[in-house]
Amino acid sequence: MKVLAIDCAASLCAACVYDAAVGRELGRSVLDLGKGHAEHLMAVIAEALKAGATDYAGLGAVAVSVGPGSFTGLRVGVSTARGLALALKVPAIGVTTLEALAAEAATAFPGRAMLAALDAGRDEIHAALYDEMSALTYGPAVVTLADAVAMASECSAVLAGTAATPIAEAAGRTFDVGPRTATADILTYARLAVAKGQGERPKPLYLRGADAKPQAGFILSRQRP
């Protein structure tokens with residue numbers, strides 16, 4: 001099965017074609033835009049398909065980053081993925097930016113807890129905690145810097161994402177760190193989508209502090225979402 005992966009969660013407008021049968025990327029196209037994903041995404045997809053010697057009819061699924069990330073970028077990426085999937089009669093599979101970043105960190109530091117954390121502005125952090133088996137144990141949620149420091153310190157977690165450096169600095173200690181970026185490599189989204197398989201239709205993941213704040217003792221209880 002060939003999978004088209006799309007990522008517009010951050011400044012990148014990215015697409016790749018992945019052949020799940022052989023575990024190999026066939027082609028990609030990536031632009032660092034900042035803004036303007038809607039104007040460029042279809043051309044980026046076309047370039048990735050061309051590079052992968054694939055057409056739309058050859059696709060078996062569409063993967064897309066669902067956030068957290070850029071409000072506009074997520075809407076563009078998810079709506080495009082869903083539209084293509086509907087037209088092609090194939091599944092659309094959503095992957096969060098946090099699980100993708102954690103997966104890349106896990107590749108570099110296998111068998112470790114992972115805290116994927118993105119700077120959300122206004123002294124907030126978008127975070128998700130994964131255990132040594134890469135199973136989600138908390139989040140995705142909006143937390144304070146102090147919350148993130150507590151989670152990372154308790155688990156001696158590997159950090160990933162744009163908030164990795166602030167967390168380490170606030171903790172006053174050294175952590176192992178994976179990618180410090182706002183999103184993962186486009187191939188990571190394709191691979192994770194294949195592993196997840198078909199589920200609910202993807203939708204943008206928007207986190208709000210009032211709804212997502214952890215309760216006291218969440219670290220010990222390890223509540224699942």
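User: Is Val-17 buried or exposed in this structure, and how should its accessibility be read?

Analyst: Val-17 counts as buried because its relative accessibility is 0%, and the cut-off for that word is under 20% relative accessible area. The model is a predicted one, and in it Val-17 sits in strand β2, which covers residues 12–19.

User: Which residues does Val-17 touch, leaving aside those up to four places away in sequence?

Analyst: Val-17 touches Lys-2, Val-3, Leu-4, Arg-24, Glu-25, Leu-26, Gly-27, Ala-48, Leu-49 and Thr-54. For a distance across the chain, the C-alpha atoms of Val-17 and Val-62 are 9.4 Å apart, although 45 residues separate them in sequence.

User: Leu-49 appears among those contacts; where does Leu-49 lie, and which residues does it touch?

Analyst: Leu-49 belongs to helix α1, residues 37–51, and counts as buried at 4% relative accessibility. Beyond residues up to four places away in sequence, Leu-49 touches Val-17, Thr-54, Asp-55, Tyr-56 and Leu-59, so that Thr-54 is a contact of Leu-49 and also of Val-17.

User: How is a pair of aromatic rings described, and how many such pairs does a search of the whole structure find?

Analyst: In general, the distance of the centres and the angle of the planes describe such a pair. In this structure the search finds one aromatic pair: Phe-71 and Tyr-206 are stacked, with 4.7 Å from centre to centre and 25 degrees between the planes. Phe-71 lies in helix α2 (residues 71–88) and Tyr-206 in the loop between α6 (186–196) and α7 (209–212), so the pair ties together parts that are 135 residues apart in sequence. Tyr-206 is partly exposed, its relative accessible area being 36%.

User: At what angle do helices α4 and α5 cross, and which residues make the contact?

Analyst: The axes of α4 (residues 145–155) and α5 (residues 164–171) come within 9 Å and cross at roughly 80 degrees, which means that α4 is roughly perpendicular to α5. From α4 the contact uses Leu-145, Ala-148, Val-149, Ala-152 and Ser-153, and from α5 it uses Pro-166, Ile-167, Ala-170 and Ala-171. By class, these are eight nonpolar residues, one polar residue and no charged residues.

User: What is the angle between α3 and α6, and how far apart are their axes?

Analyst: Helix α3 (residues 97–108) packs with α6 at about 100 degrees, the axes being 10 Å apart, and α3 is therefore roughly perpendicular to α6. Thr-97, Glu-99, Ala-100, Ala-103 and Glu-104 of α3 meet Thr-188, Tyr-189, Leu-192 and Lys-196 of α6, a set that divides into four nonpolar, two polar and three charged residues.

User: What should I know about backbone geometry before looking at the exceptions?

Analyst: Most residues other than glycine have a negative phi, and most peptide bonds are trans. Here a cis peptide bond joins Gly-67 and Pro-68, with omega about 5 degrees, and Pro-68 is in the loop between β4 (59–65) and α2. Another cis peptide bond joins Gly-139 and Pro-140, with omega about -5 degrees, and Pro-140 lies in strand β8, residues 136–143. Positive phi values are found at Arg-122, near 55 degrees, and at Asp-123, near 60 degrees. Arg-122 is in the loop between β6 (114–121) and β7 (124–130) and is exposed, with a relative accessible area of 75%; Asp-123 lies in the loop between β6 and β7 and is exposed at 74%.

Methods:
Residues are numbered from 1 along each chain as its sequence is written. This is a predicted model: local features need pLDDT of at least 70, side-chain atom pairs count only at pLDDT 80 or more; totals for chains, interfaces and linings use all residues. Side-chain values use heavy atoms; hydrogens and water are left out. Helices (H or I, at least four residues) and strands (E, at least two) are DSSP runs, numbered from the N terminus. Buried means under 20% relative accessible area, exposed over 50%, partly exposed in between (1.4 Å probe, protein chains only). Contact means heavy atoms within 4.5 Å. Axes are lines fitted to C-alpha atoms, for helices over the stretch in contact, and angles run from 0 to 180 degrees between N-to-C directions. Angles under 35 degrees count as roughly parallel, over 145 as roughly antiparallel, 65 to 115 as roughly perpendicular and the rest as oblique. Ala, Val, Leu, Ile, Met, Phe, Trp, Tyr, Cys and Pro count as nonpolar, Asp, Glu, Lys and Arg as charged, and the others, Gly among them, as polar. Rings of Phe, Tyr and Trp (its six-membered ring) pair if their centres lie within 6.5 Å; planes under 30 degrees apart count as stacked, over 60 as edge-to-face and the rest as tilted.
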